[in-house]
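Welcome, and please take a moment to turn the model around before reading on. We will start with one spot in the chain, step back to the whole, and then visit a few places in turn.

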Amino acid sequence: MAQRTAYVPQGVIPAVLLPFDIDLAIDEPSFRKHLRDVASVEGLSAITINAHSTEVASCTFDEQKRVLDIAQDEIGARLPLVNGIWADGSIEAARIARMATQGGASALLVFPPAPFTLGQSSAMALAHIKRIADATDLPLIVFQYPLATGQGYPKDTLLKMCEEVPSIRAIKDWIANVPHHEWHIRTLQNLPRPVNVLTTHSSWLLSSLVLGCNGLLSGSGSVIADLQAKLFRAVQKNDLAEAKRLNERIEPTARVFYADPFVDMHNRMKEALVLLGKLPRAVVRPPLVRIERAEVARIRQALIEAGLLDKNARDAA
């Protein structure tokens, strides 16, 4: 299958949320509006769907296809779409890859299979990614998890994947270790066939970007895409003063979005969009549950500190 070379994942790539109705069905009108809101931000290079932020683990294959179809209809003519590949088995992952290719995605974000938490080998990782690559001509973004999860790829495995699978063009880096993260940047972006590092270290984004990442891919972009795009531009221009100023605005949101338990991060982002008047409700699918009112109040305060919500809205909300 001939490879497409027109799109290389880089720059600022928000991962959007997926709104649900009270009955837990996809709220299509709200999703369309959310897509338009995020895509209207200046300085974005793509939008990610069918990922953590869209609660992909609780979506069926048909729902994932519908999410892609809606996104293609609403913003596909304006921005490339990165479609997540979330599956425990390689055969299903390849099926999703074919669906996304046919549906007009521009790149695929490949999540590591959950069984790797019990142990993985280089051969397993290569077999998984190669089966996906054989099913599509789209560029692949390898999602690099922390090694402690069992789903992260050791350095030798990752290098072998990049060497043997030419369609790997980027990693979404969540290694959560600064020296290892810097090794990714120095090594992968300087390969004979460069592989871009897209940071997803959203709780220390400025620190990560100044190490030299060629982009960022983050669920918090569903709320603060404008701040992320401005921060990325400031770092690219070597304007440290502006980058620090923007980081001061981003920090309150990172503090509340990425608090423990970490799994509630996108739940919190939905609550933020409700507070900002951009979503009608913050419904999540089980096993996630709605967060408590005290935490919603902390999110509201963070939005005020970030300059995203007027302080008078505190009592009104």
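In which loop does Pro261 lie? Look between α9 and α10: Pro261 lies in the loop there. The model you are looking at is a predicted one, and in it a cis peptide bond joins Asp260 and Pro261, with omega at about -5°. A cis peptide bond also joins Pro286 and Pro287, with an omega of about 15°. To find Pro287, go to the loop between α10 and α11.

Now let us step back and take in the whole chain. The protein chain has 12 helices and eight strands. Its radius of gyration is 19 Å, close to the 20 Å that the globule rule gives for 317 residues, so the chain is as compact as a globular protein of that length. If you picture a box drawn along the principal axes, the C-alpha atoms fill roughly 55 × 45 × 40 Å. Of the 317 residues in the protein chain, 55% are buried. Contacts tell us about the fold too: among those in the protein chain with a separation of 6 or more, 71% are between residues 24 or more positions apart.

What does the chain show on its outside? The protein chain exposes about 13,400 Å², and carbon and sulfur atoms supply 51% of that area. As for charge, there are 35 positive and 34 negative side chains, and the centres of these two sets lie 3 Å apart.

With the overall picture in place, return to helix α10, which spans residues 265–275. How many of the 11 residues of this helix are buried? The count is 10, so helix α10 is largely enclosed by the rest of the structure. Among the buried residues of α10 are Met265, His266, Arg268, Lys270 and Glu271, and the list also includes Leu273 and Leu275. What do these buried residues pack against? Their partners are α1 (28–39), α8, α9 (240–257) and α11 (293–305). Just after α10 you will meet Gly277, which takes a positive phi of about 75°.

One of those partners, helix α8, covers residues 221–236 and holds our next stop, Gln228. Is Gln228 buried or exposed? Gln228 counts as buried because its relative accessibility is 0%, against a cut-off of under 20% for buried residues. Its side chain makes a polar contact with the side chain of Ser220, at 2.9 Å. Leaving aside neighbours within four places in sequence, Gln228 is in contact with Val12, Leu205, Leu216, Ser218, Ser220, Gly221 and Ile250. Ser220 therefore appears both in that list of contacts and as the polar partner of the Gln228 side chain.

Finally, let us look at two loop residues with a backbone feature to notice. Glu55 has a positive phi of about 50° although it is not a glycine. You will find Glu55 in the loop between β2 (47–49) and α2 (61–75). At 7% relative accessibility, Glu55 counts as buried. Ala176 is not a glycine either, and its phi is positive at about 60°. Ala176 is found in the loop between β6 (168–173) and α6 (178–188).

Key:
Residues are numbered from 1 along each chain as its sequence is written. This is a predicted model: local features need pLDDT of at least 70, side-chain atom pairs count only at pLDDT 80 or more; totals for chains, interfaces and linings use all residues. Side-chain values use heavy atoms; hydrogens and water are left out. Helices (H or I, at least four residues) and strands (E, at least two) are DSSP runs, numbered from the N terminus. The radius of gyration is taken over C-alpha atoms; the globule rule is 2.2 Å times the number of residues to the power 0.38. Buried means under 20% relative accessible area, exposed over 50%, partly exposed in between (1.4 Å probe, protein chains only). Contact means heavy atoms within 4.5 Å. Accessible areas come from the Shrake-Rupley method with a 1.4 Å probe; for residues, only the protein chains shown count as cover. Lys and Arg count as positive and Asp and Glu as negative; His and the chain ends are not counted. The place of a charge is taken as NZ of Lys, CZ of Arg, CG of Asp or CD of Glu. A polar contact is a pair of N or O atoms within 3.5 Å; within protein, one must be able to donate a hydrogen and the other to accept it, and residues adjacent in sequence count only if both atoms are side-chain atoms.
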